[in-house]
Amino acid sequence: MRKRNLSGGISSRVVSTPRITSHLLESGPEEGAPVLFAHGNVASSRFFEETLAALPPHYRGLAPDLRGFGRTDPKPVGAARGLRDLSDDLYDLMKTLGYARYRKVHLAGWSLGGGVVMQYAIDHPAEVASLTL
C-alpha cells in the first residue's frame with residue numbers, strides 16, 4: 001500500500017483486498033470518522049477531490065475508484081450480482097483498512113454510487129453511521 005501525496009491534503013494509494021485491487025483517494029486524520037464516497041457511472045474517485053479537501057478536520061474521507069473505473073482492477077461485474085459486487089468490493093476495502101466491524105462508516109453515493117452505498121447499507125446496517133445520496 002504505497003501512498004502518494006496530492007494537493008489539498010489528499011493522498012492516493014492502491015489497496016489490495018481479497019476481492020480486488022482498488023485505487024483510493026484519502027483525506028483527513030486516520031482516527032477521524034470515516035466517510036466513504038462512491039462515484040457515479042463513467043467517473044472515478046477524482047469526482048470527490050474538492051469534497052475530500054473541504055471535509056472538516058474530524059472526518060476521514062475515503063473515495064475509491066469502483067471496479068472497472070479509474071485505476072481499480074477492471075474485473076467484470078457478475079450479471080446475477082450487479083451492484084452487490086461493487087458493494088462487496090467497498091465492504092472488503094473497509095475491512096482491509098480496519099473500519100468495517102470496528103467503526104461505523106458514513107456512506108455517500110452519487111448516481112451509480114448511490115445504488116452501491118444503498119446495497120452496502122442493506123447488507124451491513126449495523127456498521128453504517130449515515131447514508132447520503
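The exercises below work through a predicted model of one chain, each with a stepwise solution.

**Exercise 1. The chain as a whole**

Task: State how many helices and strands the chain has, and in which pattern they follow one another.

Solution:
- Step 1. The count is 3 helices and 7 strands.
- Step 2. Along the sequence these elements run β-β-β-β-α-β-α-β-α-β.
- Step 3. The radius of gyration is 13 Å, close to the 14 Å from the globule rule for 133 residues, so the chain is as compact as a globular protein of that length.
- Step 4. Along the principal axes, the C-alpha atoms fill a box of roughly 40 × 30 × 25 Å.

**Exercise 2. Burial, contacts and charge**

Task: Find what share of the residues counts as buried, and describe the contacts, the exposed area and the charges of the chain.

Solution:
- Step 1. Buried residues make up 49% of the 133 in the chain.
- Step 2. Take the contacts with a separation of 6 or more: 62% of them join residues 24 or more positions apart.
- Step 3. About 6,500 Å² is exposed by the chain, and 54% of this comes from carbon and sulfur atoms.
- Step 4. The chain has 16 positive and 13 negative charges, and the mean positions of the two sets are 3 Å apart.

**Exercise 3. The surroundings of R67**

Task: Decide whether R67 is buried or exposed, and identify the polar partners of the R67 side chain.

Solution:
- Step 1. Locate the residue: R67 sits in the loop between β5 (59-64) and α2 (83-96).
- Step 2. The relative accessible area of R67 is 5%; buried means under 20%, so R67 is buried.
- Step 3. A polar atom of the R67 side chain lies 2.7 Å from the backbone oxygen of P76.
- Step 4. The R67 side chain also has a polar contact with the side chain of D89, at 2.8 Å.
- Step 5. Beyond four places in sequence, the contacts of R67 include R19, I20, T72, D73 and K75. P76 and D89 are also among them.

**Exercise 4. D65, in the loop that holds R67**

Task: Place D65 in the chain, classify its accessibility, and find the backbone atom that its side chain reaches.

Solution:
- Step 1. D65 belongs to the loop between β5 and α2.
- Step 2. With a relative accessible area of 4%, D65 is buried.
- Step 3. The D65 side chain comes to 2.7 Å from the backbone nitrogen of S45.
- Step 4. Setting aside residues up to four places away, D65 touches H23, H39, S44, S45, G70, R71 and T72.
- Step 5. For a C-alpha distance, take A43: D65 and A43 are 22 residues apart in sequence and 8.3 Å apart in space.

**Exercise 5. Two residues of helix α2**

Task: Classify D88 and T96 as buried, partly exposed or exposed, and list their contacts beyond four places in sequence.

Solution:
- Step 1. Helix α2 contains D88 and T96.
- Step 2. D88 has a relative accessible area of 18%, under the 20% limit, and so counts as buried.
- Step 3. T96, at 30%, is partly exposed.
- Step 4. The contacts of D88 are R19, R81 and D123.
- Step 5. The contacts of T96 are V15, S16, T17 and P18.
- Step 6. T96 and T17 lie 79 residues apart in sequence, yet their C-alpha atoms are 6.2 Å apart.

**Exercise 6. Positive phi at V42 and S111**

Task: Give the phi values of V42 and S111, and say where each residue lies.

Solution:
- Step 1. V42 has phi near 55°, a positive value in a residue other than glycine.
- Step 2. V42 lies in the loop between β4 (33-38) and α1 (49-54).
- Step 3. The relative accessible area of V42 is 74%; exposed means over 50%, so V42 is exposed.
- Step 4. For S111, phi is likewise near 55° and the residue is not glycine.
- Step 5. S111 lies in the loop between β6 (105-109) and α3 (112-123).
- Step 6. S111 is exposed, with a relative accessible area of 52%.

**Exercise 7. M118 in helix α3**

Task: Describe the accessibility and contacts of M118.

Solution:
- Step 1. M118 is part of helix α3.
- Step 2. A relative accessible area of 36% makes M118 partly exposed.
- Step 3. Beyond four places in sequence, M118 is in contact with L131 and L133.
- Step 4. M118 and D73 are 45 residues apart along the chain, and 22 Å separates their C-alpha atoms.

Methods:
Residues are numbered from 1 along each chain as its sequence is written. This is a predicted model: local features need pLDDT of at least 70, side-chain atom pairs count only at pLDDT 80 or more; totals for chains, interfaces and linings use all residues. Side-chain values use heavy atoms; hydrogens and water are left out. Helices (H or I, at least four residues) and strands (E, at least two) are DSSP runs, numbered from the N terminus. Buried means under 20% relative accessible area, exposed over 50%, partly exposed in between (1.4 Å probe, protein chains only). A polar contact is a pair of N or O atoms within 3.5 Å; within protein, one must be able to donate a hydrogen and the other to accept it, and residues adjacent in sequence count only if both atoms are side-chain atoms. Contact means heavy atoms within 4.5 Å. The radius of gyration is taken over C-alpha atoms; the globule rule is 2.2 Å times the number of residues to the power 0.38. Accessible areas come from the Shrake-Rupley method with a 1.4 Å probe; for residues, only the protein chains shown count as cover. Lys and Arg count as positive and Asp and Glu as negative; His and the chain ends are not counted. The place of a charge is taken as NZ of Lys, CZ of Arg, CG of Asp or CD of Glu.
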